[in-house]
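Here are a few exercises on aromatic pairs and buried residues. Have a go at each one before you read its solution.

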Amino acid sequence: MDYTQKHDGAGGEDERGEAKPVNALHSLTTAQRKSRGSVLERGRFLRINDVVAITGLSRATIYRLIDRADFPRQFQLTKRAIGWWQADVEAWVESRLGNAA
């Protein structure tokens, strides 16, 4: 018995005799999973490139705003990785849109 047959949702083999994925997310690329959003309903962590894309700000400006406490703080995810909580970044963007009116 292989990995896919041990888990709920696995359906044996496809028409080519290859194992079917455990669920739909396993058949997607990382980029496709990111574009579909979070698996968690509460949100997800964004990496710096995601934050730059959402805000339109440069990395330097983001870190300068963090130093002035004018931007959501980042979280240490691993020893070498940091991320921003998506809802915090989105709330910051919304607050800037409110100030533009």
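A residue counts as buried when its relative accessible area is under 20%, as exposed over 50%, and as partly exposed in between. Keep in mind that you're looking at a predicted model.

**Exercise 1.** Classify the ring pair Phe45 and Phe75, and work out which parts of the chain it links.

*Solution.* Start with the rings: their centres are 5.8 Å apart and their planes sit at 65°. The cut-off for edge-to-face is over 60 degrees, so Phe45 and Phe75 make an edge-to-face pair. Next, place them in the chain. Phe45 belongs to strand β1 (residues 45-46) and Phe75 to strand β2 (residues 75-76), so the pair links distant parts of the chain, 30 residues apart. Now check accessibility: Phe45 comes out at 35%, which means partly exposed. Phe75, with 24%, is partly exposed too. Finally, look for further rings: Phe45 and Phe75 form one aromatic cluster with Trp85.

**Exercise 2.** Do the job again for Phe71 and Trp92: what kind of aromatic pair do they form, and are they buried or exposed?

*Solution.* Here the centre-to-centre distance is 4.8 Å and the angle between the planes is 65°, giving an edge-to-face pair. Phe71 sits in the loop between α4 (59-67) and β2, while Trp92 is in helix α5 (residues 86-100), so the pair ties together parts 21 residues apart in sequence. Both residues are buried. To see what else surrounds Trp92, skip its neighbours within four places in sequence: its contacts are then Thr55, Leu57, Leu65, Asp70, Phe71 and Pro72.

**Exercise 3.** Find which residues make up the largest nonpolar core, and which element gives the most to it.

*Solution.* List the members first. There are 10 residues: Leu46, Ile48, Val51, Ile62, Leu65, Ile66, Phe71, Trp84, Val89 and Trp92. Then sort them by element: α3 (48-55), α4 and α5 are the ones that give two or more residues. The top contributor is α4, with three.

**Exercise 4.** Where do the buried residues of α4 lie around the helix axis?

*Solution.* Pick out the buried residues of α4, namely Ile62, Leu65 and Ile66. Looking down the axis, you'll find these buried residues within an arc of 105°, so they line one face of the helix. The general reason is easy to recall: an α-helix has 3.6 residues a turn, so residues three or four places apart point the same way. One last stop: just after α4, Ala69 adopts a positive phi of about 60°.

Key. Residues numbered from 1 in each chain as written. Predicted model: local features only at pLDDT ≥ 70, side-chain atom pairs only at ≥ 80, totals over all residues. Heavy atoms only, no water. Phe/Tyr/Trp six-rings, centres within 6.5 Å; stacked < 30°, edge-to-face > 60°. Helix = DSSP H or I, 4+ residues; strand = E, 2+ residues; numbered from the N terminus. Buried < 20%, exposed > 50% of the residue type's maximum accessible area, 1.4 Å probe, protein only. Core = buried A, V, L, I, M, F, W, Y, C linked by side-chain atoms within 4.5 Å. Contact = heavy atoms within 4.5 Å. Arc of directions from axis to C-beta.
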